[in-house]
Amino acid sequence: MIIFKTRQSLHQYLEFCRSNQRTIGFVPTMGALHQGHLELIKTAAARCQVVVCSIFINPTQFNDPADFQKYPKTIEADIRLLEASNTTVLFLPEVEELYPSGTSELEHYDLGYLETVLEGSFRPGHFQGVAQVMRRLLQAVNADFLFMGQKDYQQCMVVNRLLQLTNSHTALLTCPTVREADGLAMSSRNKRLNAQERQNATAISRSLTYLRQHLKPGKLDSLKAEAQRQLLAHGFKVDYVEFANSDTLELINEWNGTMPLVALIAAFQNEVRLIDNMLMHAEKAI
Ligand code: AMP
């Protein structure tokens with residue numbers, strides 16, 4: 001695995017790969033790597049000859065400064081995991097490399113409705129930050145395929161919109177959420193949970209499964225209220241429990257029995273905010 005810290009050196013190497021007709025797959029991360037990230041890399045390697053992974057904790061997507069400060073950092077362990085995976089290149093830029101003019105007064109993207117609901121409304125500015133860093137990373141890597149996790153459902157939709165807005169040739173492939181044996185969606189933020197919080201955290205995936213098992217056409221309020229109750233009983237402070245059209249993310253309060261739905265949850269276990277989602281029909285395959 002080769003490690004590049006500058007856009008220029010990365011670009012030069014990838015141009016060489018491209019001139020040899022090698023397909024480039026890209027897996028952007030914020031590090032503190034886990035099996036969810038490694039599955040993205042495995043999927044990328046099955047499809048592409050060159051796999052680029054980036055580790056960059058993007059300051060512009062954190063609406064909460066404490067969350068940014070406390071974001072887990074395990075770079076030595078990350079590099080060891082990547083060395084043992086099929087990663088060809090690790091891109092490891094400093095903040096100044098991606099934001100040479102600083103991180104204030106950056107460009108704005110028209111993300112439309114997606115920025116007004118769920119994560120968009122609970123984390124103001126978050127998706128602008130995601131779009132700003134993804135634009136820079138995508139320009140640096142210029143990948144054929146981009147691999148991202150369904151775990152961050154709305155983020156995948158935002159990135160798809162960014163790809164359209166910027167007329168990018170990169171194709172986004174969304175990969176299924178990787179879970180712990182007890183159902184908890186893997187996340188770098190899980191490293192911040194203490195033993196009790198970690199145990200409580202399984203209530204999120206159990207509530208999503210409950211929603212999937214009990215979903216019926218008609219009003220969805222009482223079903224959502226029951227899921228909220230389950231989360232509260234496990235010490236969660238709930239930001240939202242919602243059903244949405246899985247293609248558009250339009251919130252749905254009454255189901256016609258045919259519209260494809262995704263259920264989404266965001267909730268705090270003390271200081272740690274966790275998100276998860278589940279398709280109410282078959283899981284999406286890439
Ligand atoms: P992060 O490092 O949390 O920004 O995540 C980097 C990429 O890994 C994003 O595309 C995430 O959606 C994806 N990812 C994170 N957790 C999981 C998971 N449990 N299963 C699948 N993909 C994941």
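Which residue is the bridge partner of Gln269 in strand 11? The partner is Val272. This is a predicted model, and the report starts from that strand and works outwards.

## The three-strand sheet

Strand 11 belongs to an open sheet of three strands. The order is 8-10-11, and the pairing is antiparallel. Strand 8 (236-245) and strand 11 (272-279) form the edges, each pairing on one side only. On average, neighbouring strands are turned by 15 degrees against each other, with direction ignored. Helix 10 (residues 221-233) packs on this sheet and touches strand 8 and strand 10. The direction of helix 10 makes about 150 degrees with that of strand 8.

Strands of a sheet pair through backbone hydrogen bonds, in either a parallel or an antiparallel way. Here, strand 10 (residues 261-269) and strand 11 take the antiparallel form, with eight bridges. Within this pairing, Gln269 is bridged to Val272, and Ile265 stands opposite Asp276. Two residues lie between the strands of this hairpin. Asn270 has a positive phi there, near 55 degrees.

## Strand 11: an edge with cover

Strand 11 pairs on one side only, yet it is mostly covered. Eight of its eight residues are buried. Val272, Leu274, Asp276 and Met278 point one way. Arg273, Ile275, Asn277 and Leu279 point the other way. Both sets are buried, including the charged-name pair Arg273 and Asp276.

## The cavity beside strand 11

How many cavities of 30 Å³ or more does the count give? The count comes to one. About 60 Å³ of space lies in the largest cavity. Its lining includes Leu274, Ile275 and Asp276. Lys151, Leu184, Ala185, Ser187 and Asn190 also line the largest cavity. So do Ala201, Ile204 and Ser205. Two elements, helix 9 (195-214) and strand 11, each supply at least two residues of this lining.

Asp276 thus links several parts of the picture. It is buried in strand 11, stands opposite Ile265 and lines the largest cavity.

## Nonpolar cores

The largest nonpolar core has 47 residues. Leu10, Val52, Met134 and Leu249 touch the most other members. Helix 7 (residues 126-141) gives the largest share of this core, nine residues. Another core, of 26 residues, lies apart from it. Ala203, Ile252, Ala263 and Met280 are among its members.

Which residues does Leu249 contact, leaving aside neighbours within four places in sequence? They are Tyr113, Leu114, Val117, Leu118, Tyr153, Gln154, Met157, Ala244, Val262 and Leu264.

## The loop between helix 5 and helix 6

Glu105, between helix 5 (95-98) and helix 6 (119-122), sits in a loop. Leu111 is found in this loop, and Leu118 lies there too. Phi of Glu105 is positive, near 50 degrees, in a residue other than glycine. Leu118 also has a positive phi near 50 degrees, and is likewise not glycine.

Is Glu105 buried or exposed? Glu105 counts as exposed because its relative accessibility is 83%, and the cut-off is over 50%. Leu118 is buried, with a relative accessible area of 4%. Leu118 is also one of the contacts of Leu249.

Leu111 is buried as well, because its relative accessible area is 1%, and buried means under 20%. Beyond residues up to four places away in sequence, Leu111 touches Phe127, Gln128, Val158, Arg161 and Leu165. Leu111 and Gln128 are 17 residues apart in sequence. Their C-alpha atoms are 8.0 Å apart in space.

## The second largest pocket

About 330 Å³ of space lies in the second largest pocket. Its lining has 18 residues. Ile55, Phe56, Ile57, Leu92 and Pro93 are the closest to its centre. Helix 3 (65-69) and helix 4 (75-83) each supply at least two residues of the lining.

Conventions: Residues are numbered from 1 along each chain as its sequence is written. This is a predicted model: local features need pLDDT of at least 70, side-chain atom pairs count only at pLDDT 80 or more; totals for chains, interfaces and linings use all residues. Side-chain values use heavy atoms; hydrogens and water are left out. A nonpolar core is a set of buried Ala, Val, Leu, Ile, Met, Phe, Trp, Tyr and Cys residues joined through side-chain atoms within 4.5 Å. Buried means under 20% relative accessible area, exposed over 50%, partly exposed in between (1.4 Å probe, protein chains only). Helices (H or I, at least four residues) and strands (E, at least two) are DSSP runs, numbered from the N terminus. Contact means heavy atoms within 4.5 Å. Two strands pair if DSSP finds at least two bridges between them. Axes are lines fitted to C-alpha atoms, for helices over the stretch in contact, and angles run from 0 to 180 degrees between N-to-C directions. On a 1 Å grid over the protein atoms alone, a cavity is a set of points where a 1.4 Å probe fits but cannot get out, and a pocket is an open set with protein on both sides within 12 Å along at least five of seven lines; lining residues have an atom within 4 Å of a point. Grid points are joined across faces, edges and corners, and a volume is the space filled by probe spheres set on the points.
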